[in-house]
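Let's take a friendly walk through one chain, from its overall build down to one helix and its cap.

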Amino acid sequence: MKTENASAAKKSGHMEVKGVNYYYEVHGEGEPLLLLHGGLGSMDMFDPLLPTLGENRQVIAVDLQGHGRTTLGNRPISLIDMGDDMAVILKQLGYKEVDVLGYSLGAGVGFRLAVQHPDAVRRLALVSGGFSQEGFYPEMLPMQAQLGAGMLEMMKNTPMYKSYVAVAPNPADFPKLLDAMGAYMRKPYNWADDVKTLKMPVMLVYGDSDMFRLEHVVEFYHLLGGGLKDAGWMRENMSKNRLAILPDLTHYEMFASPALAHTVRPFLDGKSGAKSWAEVVEGTK
């Protein structure tokens with residue numbers, strides 16, 4: 001990762017967790033924020049947003065299993081296992097509690113971290129992630145099922161391949177990563193019951209042209225207790241959880257949109273930019 005003010009992280013290194021040699025970086029000072037990138041990417045995906053997300057924050061970024069500078073190992077790719085792995089990494093780095101921002105695959109890992117280790121997560125922002133395989137548009141499922149090493153040649157001109165070979169410890173492992181991700185994507189899941197267990201504030205963020213059905217997005221928010229009744233003119237019935245659907249964005253550029261950083265920051269900081277009607281009227285006097 002890079003920032004405008006520094007070319008190197010405050011701290012970086014590798015940490016072996018259950019056969020996976022994870023790479024991590026720590027940037028800045030302030031309240032800790034764990035950043036988890038999307039599938040076939042790396043922590044570098046967040047470079048455009050790091051100046052905003054990292055303002056007055058200590059950012060902990062991790063390259064997920066088989067991605068970026070982290071080895072694939074011999075384990076299958078599993079959100080549940082990586083959720084446990086993140087808890088180990090945070091503990092070893094000395095963090096008792098962090099805020100979490102995860103995108104796509106990283107949203108799934110952040111979700112499992114919050115479900116399995118709720119005391120480690122203060123606030124959770126899930127970007128372009130679902131709680132069930134049924135959340136994807138139907139045409140996405142056969143496309144995901146086809147992912148595998150056989151797609152190597154057609155992937156070589158993509159930013160996924162180019163960014164991987166630029167930093168991977170063994171660039172020749174890309175076909176293995178495709179096979180591992182394909183196997184992960186073919187496994188059905190539905191974690192609706194786990195959603196209901198989350199006690200920390202949660203924010204869901206999607207593009208209006210995301211790969212998740214809007215019905216699934218609303219169901220996710222309902223499972224969190226949001227969007228079930230009018231908030232009241234004094235905001236007295238406001239849910240602690242938030243939902244944002246950002247215009248003119250697909251799944252594939254969400255992670256780099258300035259709108260994403262500006263949308264999640266107030267939530268992660270525990271603030272609201274909105275005033276009640278009464279506060280607005282009082283402020284005019």
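What follows covers the whole chain, then helix α2 and the serine before it.

## About the model

This is a predicted model: local features need pLDDT of at least 70 and side-chain atom pairs pLDDT 80 or more, while totals for chains, interfaces and linings use all residues. Residues are numbered from 1 along each chain as its sequence is written, and side-chain values use heavy atoms, leaving out hydrogens and water.

## The whole chain

The protein chain has 11 helices and eight strands (DSSP runs: H or I of at least four residues for helices, E of at least two for strands, numbered from the N terminus). Its C-alpha atoms fill a box of roughly 65 × 45 × 35 Å along the principal axes.

Of the 285 residues, 50% count as buried, that is, under 20% relative accessible area with a 1.4 Å probe, protein chains only.

## Helix α2

Helix α2 spans residues 79–93, and its 15 residues reach 21 Å from first C-alpha to last, close to the 21 Å expected at 1.5 Å a residue (1.5 Å times one less than the number of residues). Its buried residues include L79, M82, M86, I89 and L93. Just after α2, G94 takes a positive phi of about 95°.

## The cap at S78

S78 sits in the loop between β4 (57–63) and α2, and counts as buried at 19% relative accessibility. S78 caps the N-terminal end of α2, with a side-chain oxygen 3.3 Å from the backbone nitrogen of I80. Along the chain, S78 and G30 are 48 residues apart, and their C-alpha atoms are separated by 31 Å.

Key. Polar contact = N/O pair within 3.5 Å; in protein donor to acceptor, adjacent residues only side chain to side chain.
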